[in-house]
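Could you walk me through this fold, from its strands to its core and its largest pocket? I have the sequence and the model open side by side.

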Amino acid sequence: MFGKTKAFSGFAVDDLRKAREFYGDTLGLDVSEEHGLLTLRIEGGTRVLVYPKPGHTPASFTVLNFPVDDIDRAVDELIRRGVTFERYPGFEHDEKGVARATGGPAIAWFTDPAGNILAVLQDG
C-alpha cells in the first residue's frame, strides 16, 4: 500500500526559533519554515519535519543520524560550533566523546536545543 510513497519522518521541539538556528546555522542543514513548521532537507532528497509541541518531552532515543567520512573532523567542527557531546553508560568514549566499539561504527551523540538525541557516525 505505501511501498511507493515518499514517506518522511518528524519529531517535536519546544522552541521552533532555537531549532531553526541550530539545524540551519550550527549544523548547516537546508531549513525552511512554512505554516509554523520546519522542514529539514537532507542530502539525497530526504525531508524531516520539525514541529512545535507544547509540553515537549525530548526523545529518549536517537532521532537523526548523520553519517560522515571522517568522524574526528566532524566532531572537531561541531565542538568548534559549540556542540557538546553526550556520554552514555555502557560505552567507552574517547576524550572527544566518540565511542569506538568493535563491531560497530565510531559514533558520537549530541542533543538539539530541545534535548532530542542526534548522532554523528563514521560511514564505512
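Let's begin with the hairpin that strand 7 and strand 8 form, with five residues between them. In its turn sits Gly 115, whose phi is positive, at about 90 degrees. Keep in mind as you look around that this is a predicted model. The two arms of the hairpin pair in the antiparallel sense, over five bridges between strand 7 and strand 8. To find your place in that ladder, look for Phe 110, which stands opposite Leu 118 in strand 8.

Another residue to look at is Ala 114, placed in the loop between strand 7 and strand 8. Is Ala 114 buried or exposed? Ala 114 counts as buried because its relative accessibility is 8%, and the cut-off for buried is under 20%. Leaving aside neighbours within four places in sequence, Ala 114 is in contact with Val 13, Asp 14, His 56 and Pro 58. For a sense of scale, Ala 114 and Leu 37 are 77 residues apart in sequence, while their C-alpha atoms are 15 Å apart in space.

Now step back to the sheet around this hairpin. It is an open sheet of four strands in the order 5-8-7-6, with mixed pairing. Strand 5 and strand 6 are the edge strands, each pairing on one side only. In general, strands of a sheet pair through backbone hydrogen bonds, either parallel or antiparallel. On one side, strand 5 (residues 62-68) runs parallel to strand 8, and six bridges join them. Here Leu 64 has Leu 118 of strand 8 as its bridge partner. On the other side, strand 6 and strand 7 pair in the antiparallel sense over two bridges, and Glu 86 has Trp 109 in strand 7 as its bridge partner. Strand 8, residues 117-122, is mostly covered, with five of its six residues buried.

Following the chain between strand 6 (85-86) and strand 7 (107-111) takes you into a loop that holds Asp 94. Asp 94 counts as buried because its relative accessibility is 17%, and anything under 20% falls in that class. What does Asp 94 touch, not counting residues up to four places away in sequence? The residues are Arg 87 and Arg 100. With Arg 100 there is also a side-chain polar contact of 3.0 Å.

A second hairpin is worth a visit. Strand 2 and strand 3 form it with two residues between them, and five bridges join these antiparallel strands. One of the pairs to look for is Asp 30 with its bridge partner Arg 41 in strand 3. In the loop between strand 2 (30-34) and strand 3 you will meet His 35. His 35 has a positive phi of about 60 degrees although it is not a glycine. His 35 is exposed because its relative accessible area is 73%, and the cut-off for exposed is over 50%.

From the surface, let's turn to the interior. The largest nonpolar core has 31 residues, of which Tyr 23, Leu 27, Leu 40, Phe 110 and Val 120 touch the most other members. The elements that give two or more residues to this core are strand 1 (9-13), helix 1 (16-26), strand 3 (37-42), strand 4 (46-52), strand 5, helix 2 (71-80), strand 7 and strand 8. Leu 27 makes a good viewpoint: not counting residues up to four places away in sequence, Leu 27 touches Phe 22, Phe 66, Leu 78, Arg 81, Phe 110 and Leu 118. Apart from the largest core lies another, of six residues, among them Ala 99, Trp 109, Ile 117 and Leu 121.

Our last stop is the largest pocket. Rolling a probe the size of a water molecule over the atoms shows where empty space is left. The largest pocket holds about 460 Å³ of space. Of the 18 residues that line the largest pocket, Leu 27, Leu 29, Phe 66, Pro 67 and Val 68 are the closest to its centre. Strand 3, strand 5 and helix 2 are the elements that give two or more residues to the lining. Which element supplies the largest share of the lining of the largest pocket? That is strand 5, with five residues. Leu 27 thus links two parts of the tour, as one of the core residues that touch the most other members and as one of the lining residues closest to the centre of the largest pocket.

How values were computed: Residues numbered from 1 in each chain as written. Predicted model: local features only at pLDDT ≥ 70, side-chain atom pairs only at ≥ 80, totals over all residues. Heavy atoms only, no water. Buried < 20%, exposed > 50% of the residue type's maximum accessible area, 1.4 Å probe, protein only. Polar contact = N/O pair within 3.5 Å; in protein donor to acceptor, adjacent residues only side chain to side chain. Contact = heavy atoms within 4.5 Å. Pairing = 2+ DSSP bridges. Core = buried A, V, L, I, M, F, W, Y, C linked by side-chain atoms within 4.5 Å. 1 Å grid on protein atoms, 1.4 Å probe; cavity = no way out; pocket = protein on both sides within 12 Å on 5 of 7 lines; lining within 4 Å. Points joined across faces, edges and corners; volume = space filled by probe spheres on them.
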